[in-house]
Every structure is written in structure tokens, then in C-alpha cells.
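Here are some short exercises to work through with the structure in view. Try each task yourself before you read the solution.

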Amino acid sequence: AGNFLGKIREVCAGIKLLLLSFDAETGRFACVASAGASDEDVRNAVFPRGARLVKWLKVNETRLELPKRPGVGEYLTPRERDVLAAIGVEIAFPLISMNRLIGILLAGSKPGRAAFTRVEVGFIASLLPQASIALENALLFREQRERLRRMSRADKLATVGELAAGAAHEIRNPLTAIRSSLQYLAAKTEDATASRLLATALQETERIDGIVSALLSFS
């Protein structure tokens, strides 16, 4: 991503660029690389999957030159217009792969710079197919890494579950014998203090049995 943005800035001096990538977990397009943009620009450059800018780029699959398309600007929500204006975005380029919008390149001129020329716009557009492939590969790698992380976590949870089940069964077997013995003694004794102590002990065995049942449910 950095090389891609660097190539553009070599030809188009005095501009700011923000590359947004779609994050499936958050359902948003967020900045993954920038050049000439401030930290605040990067933080603000976030658009949910349902944003009107995203929808327009998905449907049209072409760049949006905001100064030339005031009608589209009116179609965007006030929040989207405010974000784009604060960043100074003039053009939004869609990055398409397999008929999917996987990224957005926001381009703007820094103060004092003239608007983008047709040659500059054409140059940026010529790099987009290559950038889309690179971004798609990066997304696939990230998804694969996340899939492996989830598999590892699932394996760990399965191991913990097996341990919990084994421990629960090992506890329940002697607990059953203890409870039976206490019930037998409680039925035989006539001493009030002994009966009270045995009843308390039986209550505690029931509490332990509840904990064991919870362990089995978890496993």
C-alpha cells in the first residue's frame, strides 16, 4: 500500500491520499495506509458498509469527482459530506476485485495546490487494477490468519472442555459414595447435633454436585 501511494505522489506532488480497506469484522471501510494526510484525517476516514458514498461507488464502479458532481454530493449524508470536506477529498476512487468493492482511495489537494489535472487522474486510475489485486491478496492473507487464529482458539477450548469433563466425572464418583454414606448415617443417628451436622454436610455435597454439573455443561 505504501509503494502504491508513493508512486502516485511521485507524479502528483502536493496531494494527500488515504487508502481505505473493508473490514468484515467491523463492517466498515477504514484507513489502512495514507500519504500526506494528518492523523485526524486517518481517524475520520471511516465509512460503514451502508454509507451512501460506498453504495454509489459499488453501483457505478467508477471514480467520483466531487467538484464535478455536485448532485452526488447532495446525495451523500451530512456526516459524509462533513468528513470528506474536513479531509479535503476531491476524488474517491473505487478498488474493485471480483465485482466487489474492497477498498476506496480518497485523494485531495493540499492548500495552495491546483486541482487535479486530467493526466493526474488518468495516471491514478491506471494504477488501480494493480492496487486492487494487491489489496485483495492482503485481505485474503488477513482472513486466512484470522481463520487459523479461530481454529487455534477452538482447539484450546476443546481441550479445556475435555479436561473439565474428566475432572467432573472424577469428582462425581467419590461424591456419590460420600453422599450415600451421609444419608445412611443421618437415617441412623438420633443425636440432634449429629443430625444437624450431617444435614449441613449433605447440603454441601449438593452444592459440590451443582458445581460439577456446571463444569459438565461448560465442557
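**Exercise 1.** Find the salt bridge partner of lysine 68, and decide whether each partner is buried or exposed.

*Solution.* Step 1: look for a salt bridge, that is, a side-chain nitrogen of Lys or Arg within 4 Å of a carboxyl oxygen of Asp or Glu. Lysine 68 forms one with glutamate 65, and their closest N and O atoms are 3.4 Å apart. This is a predicted model, in which local features need pLDDT of at least 70 and side-chain atom pairs count only at pLDDT 80 or more, while totals for chains, interfaces and linings use all residues. Residues are numbered from 1 along each chain as its sequence is written, and side-chain values use heavy atoms, leaving out hydrogens and water.

Step 2: check the accessibility (buried means under 20% relative accessible area, exposed over 50%, partly exposed in between, with a 1.4 Å probe and protein chains only). Lysine 68 is exposed at 61%, whereas glutamate 65 is buried at 17%.

**Exercise 2.** Which residue pairs with aspartate 209, and which helices hold the two?

*Solution.* Step 1: the salt bridge partner of aspartate 209 is arginine 172, with the closest N and O atoms 3.3 Å apart. Step 2: aspartate 209 lies in helix α7 (residues 192-218) and arginine 172 in helix α6 (residues 118-188), so the pair ties together parts that are 37 residues apart in sequence. Helices here are DSSP runs (H or I, at least four residues), numbered from the N terminus. Step 3: aspartate 209 is buried at 16% relative accessible area, and arginine 172 is partly exposed at 25%.

Step 4: now look for salt bridges that share partners; they join Arg63, Glu65 and Lys68 into one network.

**Exercise 3.** Where do the buried residues of helix α5 sit around its axis?

*Solution.* Step 1: list the buried residues of α5 (residues 78-87), which are Glu80, Val83, Leu84 and Ile87. Step 2: they cover an arc of only 95° around the axis, which puts them on the same side of α5. The arc is that of the directions from the helix axis to the C-beta atoms. Step 3: recall that an α-helix has 3.6 residues a turn, so residues three or four places apart point the same way. Step 4: turn to the face away from the buried side, which carries the exposed residues Pro78, Asp82, Ala85 and Ala86.
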